[in-house]
Amino acid sequence: MNHIQRIGLSVFLGLVILAGSGAPLVAAEWIDLQDAVVVVRDGDLPQAEQTAATVLIEEIEKRTGIKLSPTDQWPADKTVIALTSQAKVADWKTPIPMRKGENLPETQPEGFRISVQQGDDAAPIVWIQGADPRGVLYGVGALLRNLQWGQETAKLPADLDIATAPVSPIRGHQLGYRATANSWDAWTEAQFDQYIRELALFGTNAIENIPFQDGRKNSMMKYSRQDMNRKLSEICNRYGLDYWVWTPADFDLNNKKLRSEMLDKHETLYRDCQRLDGVFFPAGDPGDNPPELVLPFLEELSERLIAIHPETRIWLSLQRLSRRDVEYIFDYIKTNNPKWLGGLVAGPSSPPAPLIRNSLPPQYQF
């Protein structure tokens, strides 16, 4: 994220000095959160915004032993941590402090602002304003990184004022419940949840699962592959993160039996997914099928996908393809304008990024 220097090196150095000397952090004034109340707006909150309040309460309790109280009613004479993705909340006692200006970070997609408001006759308010529900979650992450905490103590600088928005629209991590990584196969659902939570607190907005490849099983795996594929989708939905799957065809697509089995396998996965935002298909890494076989397969696959997740699209990677294969794919896209295609993906051995973008019709992402 940009404009984030304030919570970077200066805070880190301050913590190092504290750890080395035992001296207190120097600050003009601190806001004590020990008895603060976490306020969210009334009604059905978007999932990411609802989870943001839960995360804030749970992570502060883990570190300090202090369990903050959540409410949708503005309290009297209490320090408030107010979380919202709205510019106005009608039944809140205090209006949300909106800054004037254009292109402010807190108005950009997934951006946020954290600020402290104090008055002579009122308890302090810590505002976490998100441009959208994800922005609220990222704001919670920034608040936690700025917290001075210890046993039964939690404080924020009284002059805290941070506004930032992400530069990149997709900020994802690839995970996979399989034997290859020598770690994830031993994890429980709770461990995946905490890992994904912490990625989200630092700005991740997408998780890409590897649901099929490497079918080996070992004694450390506590769930079936299908169960964990479903659980990862549920975790992403809980945090309001995009859930992607990486699904190569590392077999000969001329084999009608294997092709049919893979289509059925995909459909079962799609039905299991509470949330599914993208299907990433590597055309050549792995996979040795020509585009004459890949594209009809993806067309048929998309029919099953869109029937279950109407807004989800397939993304195609151009890795390890010949020049002739790349030209064939671009000609196909320009001629057919496939509605199932979300965009193209570049990686090692792909054509140069400017070439892909200039050759791709503007309605598709890259």
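A nonpolar core, as the term is used on this tour, is a set of buried Ala, Val, Leu, Ile, Met, Phe, Trp, Tyr and Cys residues joined through side-chain atoms within 4.5 Å. With that in hand, note that the structure on screen is a predicted model, and begin with the whole chain in view.

**The whole chain**

Show the cartoon for the full chain, which has 9 helices and 15 strands, and whose C-alpha atoms fill a box of roughly 75 × 50 × 45 Å along the principal axes. Of the 366 residues, 51% are buried, and among the contacts with a separation of 6 or more, 76% join residues that are 24 or more positions apart.

Next, colour by pLDDT: the average over the chain is 91, and 92% of the residues score at least 70. Then select residues 1-27, where the pLDDT is below 50, although this stretch has 35 contacts in the model beyond near neighbours in sequence. Where pLDDT is low, the predicted coordinates should not be read in detail.

**The largest core**

Which residues have the most contacts inside the largest nonpolar core? Select Ile81, Leu83 and Leu316, which hold that place in a core of 87 residues. Helix α3, residues 133-146, gives the most to this core, with 7 residues. Apart from this core lies another, of 10 residues, and Val39, Trp74, Val80 and Ile96 are among them. In soluble globular proteins, nonpolar side chains tend to be buried together.

Stay with Leu316 and display its surroundings: leaving aside neighbours within four places in sequence, Leu316 is in contact with Phe281, Ala283, Val294, Leu295, Leu298, Ile329, Leu341, Gly343, Leu344 and Val345.

**Helices α7 and α8**

Two of those partners of Leu316, Leu295 and Ile329, lead to the next stop, since Leu295 in α7 and Ile329 in α8 also belong to the contact between these helices. Two packed helices are described by the angle between their axes and the distance between the axes. Select α7 (residues 291-308) and α8 (residues 323-336), whose axes come within 10 Å and cross at roughly 35°, the crossing being right-handed. On the α7 side the contact is made by Pro291, Glu292, Leu295 and Glu299, which meet Arg324, Asp325, Tyr328, Ile329 and Tyr332 of α8. By class, this contact of α7 with α8 has 5 nonpolar, no polar and 4 charged residues.

**Backbone details**

Move to the loop between β13 (278-282) and α7, where Pro286 is found; Asp285 and Pro286 are joined by a cis peptide bond, with omega at about 0°. Two residues other than glycine are worth selecting next for their positive phi, namely Asp77, with phi near 60°, and Glu110, with phi near 65°. Most residues other than glycine have a negative phi, and most peptide bonds are trans.

Are Asp77 and Glu110 buried or exposed? Asp77, in the loop between β3 (69-71) and β4 (80-84), counts as exposed because its relative accessibility is 73%, and the cut-off for exposed is over 50%. Glu110, in the loop between β4 and β5 (112-119), is by contrast buried, because its relative accessible area is 11% and buried means under 20%.

**Three single residues**

Select Thr247, in the loop between β12 (242-246) and α6 (256-272). At 1% relative accessibility Thr247 is buried, and beyond its neighbours within four places in sequence it is in contact with Pro211, Phe212, His266, Val279, Phe280, Phe281 and Pro282. Phe281 in that list is also one of the residues in contact with Leu316.

Go on to Glu189, which is in helix α4 (residues 189-201) and is partly exposed, with a relative accessible area of 24%. Leaving aside neighbours within four places in sequence, Glu189 is in contact with Tyr223, Met228, Lys231, Ile235 and Arg238. If a distance is drawn from Glu189 to Leu305, 116 residues apart along the chain, the C-alpha atoms are separated by 26 Å.

End at Lys217, in the loop between β11 (206-209) and α5 (225-239), where the relative accessible area of 74% makes this residue exposed. Lys217 and Ala179 are 38 residues apart in sequence, while their C-alpha atoms are 6.8 Å apart in space.

Note on methods:
Residues numbered from 1 in each chain as written. Predicted model: local features only at pLDDT ≥ 70, side-chain atom pairs only at ≥ 80, totals over all residues. Heavy atoms only, no water. Axes fitted to C-alpha atoms, helices over the stretch in contact; angles between N-to-C directions. Helix = DSSP H or I, 4+ residues; strand = E, 2+ residues; numbered from the N terminus. Left-handed = near helix turned anticlockwise from the far one by under 90°. Contact = heavy atoms within 4.5 Å. Nonpolar A, V, L, I, M, F, W, Y, C, P; charged D, E, K, R; others polar. pLDDT = per-residue confidence, 0-100. Buried < 20%, exposed > 50% of the residue type's maximum accessible area, 1.4 Å probe, protein only.
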